[in-house]
Amino acid sequence: MRPPRSSPESLALAAVWAALLDLALVLIAVAWIADAYAPPQDLPWKPLRLADPPGLATHMKFERAAQDRRACRAVLREGGVGFWEVPIRVDGVCAVLNAGRLQGGVTPLRPAGPVMTCPQALAYAFWDRHALRPAARETLGARVVEVGHYGTYACRRVGGRDGLSEHAFANALDVAEVRLADGRRVSVLKDFKSDGANGVFLRRVRTGACRWFHVTLSPDYNAAHRDHLHLDSGRYRVCR
Ligand SMILES: [Zn+2]
C-alpha cells in the first residue's frame, strides 16, 4: 500500500511551523546571550539598581518601579537609601499618601527629612546619584554635601491657576541651592543664569533632573522660579 500523499497546503503549513520554530530558537539564543553578557541596565527583565549607570532599559524600569509601592521601596532599600514611612495625612483637598522621609544613602536635604512620596524619593535618589553628584565633580571639581530646599509639602494651588500643585501631595521639591564640601554654595537665584562654572553646573543639574522627575521648572521657565528648581513626579511632563 502506498503512503498517503501530502497536500500542498499541509507542506506549506509544515514550512511555516519550521520557520516559527527557528525564529523562536534564535530569540531564545539572543535572550540567553544578552542575559549573560549585556549590562543589567540594558535589560528590561533585570532589576533596577541605583548603583548601575543609566542604560537602555533604565527609564522603563524606573517608571515601573515608581508606580509600584513595594518596588519603589525595594529599589531604595537595595540602593542603600533609607526611607522612613510617614502616616497618611489628609488636609481637606490635599493629601500625603505613599510617603516617607529620606535618611541616608543620598545627599542630605536641608531642612532635613522633608516628607515626600516614594516616587519623588526615588527620583531624588536617581537624580542625586546620576546627575547632581557627577555634575559637581565634573564642572566644579567638588563633592556635594547638601541640597538646600524650600519644601516638599504645601497645601496649595498651582501659582495663578485652579489646579492643585504637586506640593499638595508632597510630590514636589523646590531646590534653592547646592552646598559643596569645600564650603561653596551654588544658588539658583544668584548663579543659574551666570556664564561661569556655577551656571554651567546648575543648568546641567536642571537638564539632568528632566530624566528622573516628570516636571522640572527652572528660572528659564518663568520669574516665579527665579530662585529655585521645582522638581515633581506628577502626571504632567515639562522640562524647562
Ligand atoms: Zn515647587
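## A walk through the model, strand by strand

Start by selecting strand 1 and strand 4 (residues 99-103), which pair in the antiparallel sense over 4 bridges. Keep in mind throughout that this is a predicted model.

Zoom in on the pairing. Glu-85 has Gly-100 of strand 4 as its bridge partner, and Phe-83 stands opposite Leu-102 in strand 4. Now add strand 6 to the selection: strand 4 and strand 6 pair over 3 bridges, again in the antiparallel sense. For a marker on that side, pick Arg-101, whose bridge partner in strand 6 is Val-115.

With those pieces shown together, you have an open sheet of 3 strands in the order 1-4-6, with antiparallel pairing. Which strands are at the edges? They are strand 1 (82-85) and strand 6 (115-117), each of which pairs on one side only. Turn the view and look along the sheet: the twist averages 50° from one strand to the next.

**Stop: Trp-84**

Next, click on Trp-84, which sits in strand 1. Is Trp-84 buried or exposed? Trp-84 counts as exposed because it has 12 C-beta neighbours inside 10 Å. Leaving aside neighbours within four places in sequence, the contacts of Trp-84 are Gly-100, Arg-101 and Gln-103. Then draw a distance from Trp-84 to Cys-94: the two are 10 residues apart in sequence, and their C-alpha atoms are 21 Å apart in space.

**Stop: the loops around the sheet**

Select Asn-98, in the loop between strand 3 (94-96) and strand 4. Asn-98 is not a glycine, yet its phi is positive, about 55°. Asn-98 is also buried, with 20 other C-beta atoms within 10 Å.

Move on to Pro-111, in the loop between strand 5 (109-110) and strand 6. Check omega here: a cis peptide bond joins Arg-110 and Pro-111, with omega at about -5°.

**Stop: helix 4**

Bring up helix 4 (residues 118-140), which lies across strand 1, strand 4 and strand 6. Against strand 6, helix 4 runs at about 95°. Follow the helix along its length and you'll come to a kink of about 45°, centred on Asp-128. Keep going past the end and select Gly-141, which follows helix 4 and has a positive phi, near 60°.

**Stop: helices 2 and 3**

Jump back along the chain to helix 2 (residues 58-66) and helix 3 (residues 69-78). Their axes come within 6 Å and cross at roughly 120°. That crossing makes helix 2 oblique to helix 3. To see what touches what, show side chains for Arg-64, Ala-65 and Ala-66 of helix 2, and for Ala-71, Cys-72 and Val-75 of helix 3; these make the contact. By class, the residues of this contact divide into 5 nonpolar, no polar and 1 charged.

**Stop: strand 11 and its partners**

Now head further down the chain to strand 11 (residues 229-232) and show its side chains. Which way do they point? Leu-229 and Leu-231 go one way, His-230 and Asp-232 the other way, and all are buried. The general picture for a regular strand is that side chains alternate between the two faces of the sheet.

Add strand 8 (residues 172-180), which pairs with strand 11 in the antiparallel sense over 4 bridges. Then add strand 10 (residues 215-217), which pairs with strand 11 over 3 bridges, also in the antiparallel sense. Centre the view on His-230 of strand 11: this residue is the bridge partner of Asp-174, and it is the bridge partner of Leu-217 too.

**Last stop: Ala-170**

Finish at Ala-170, in the loop between strand 7 (144-151) and strand 8. What is the phi of Ala-170? It is near 55°, a positive value in a residue other than glycine. Count the surroundings and you'll find 27 other C-beta atoms within 10 Å of Ala-170, so the residue is buried. If you want to put two of the stops side by side, select Asn-98 along with Ala-170: Asn-98 has a positive phi of about 55°, and Ala-170 has a positive phi near 55°.

Key
Residues are numbered from 1 along each chain as its sequence is written. This is a predicted model: local features need pLDDT of at least 70, side-chain atom pairs count only at pLDDT 80 or more; totals for chains, interfaces and linings use all residues. Two strands pair if DSSP finds at least two bridges between them. Helices (H or I, at least four residues) and strands (E, at least two) are DSSP runs, numbered from the N terminus. Axes are lines fitted to C-alpha atoms, for helices over the stretch in contact, and angles run from 0 to 180 degrees between N-to-C directions. Two residues are in contact if their C-beta atoms, placed from the backbone, lie within 7 Å. Angles under 35 degrees count as roughly parallel, over 145 as roughly antiparallel, 65 to 115 as roughly perpendicular and the rest as oblique. Ala, Val, Leu, Ile, Met, Phe, Trp, Tyr, Cys and Pro count as nonpolar, Asp, Glu, Lys and Arg as charged, and the others, Gly among them, as polar. The bend at a residue is the angle between axes fitted to the seven residues ending there and the seven starting there.
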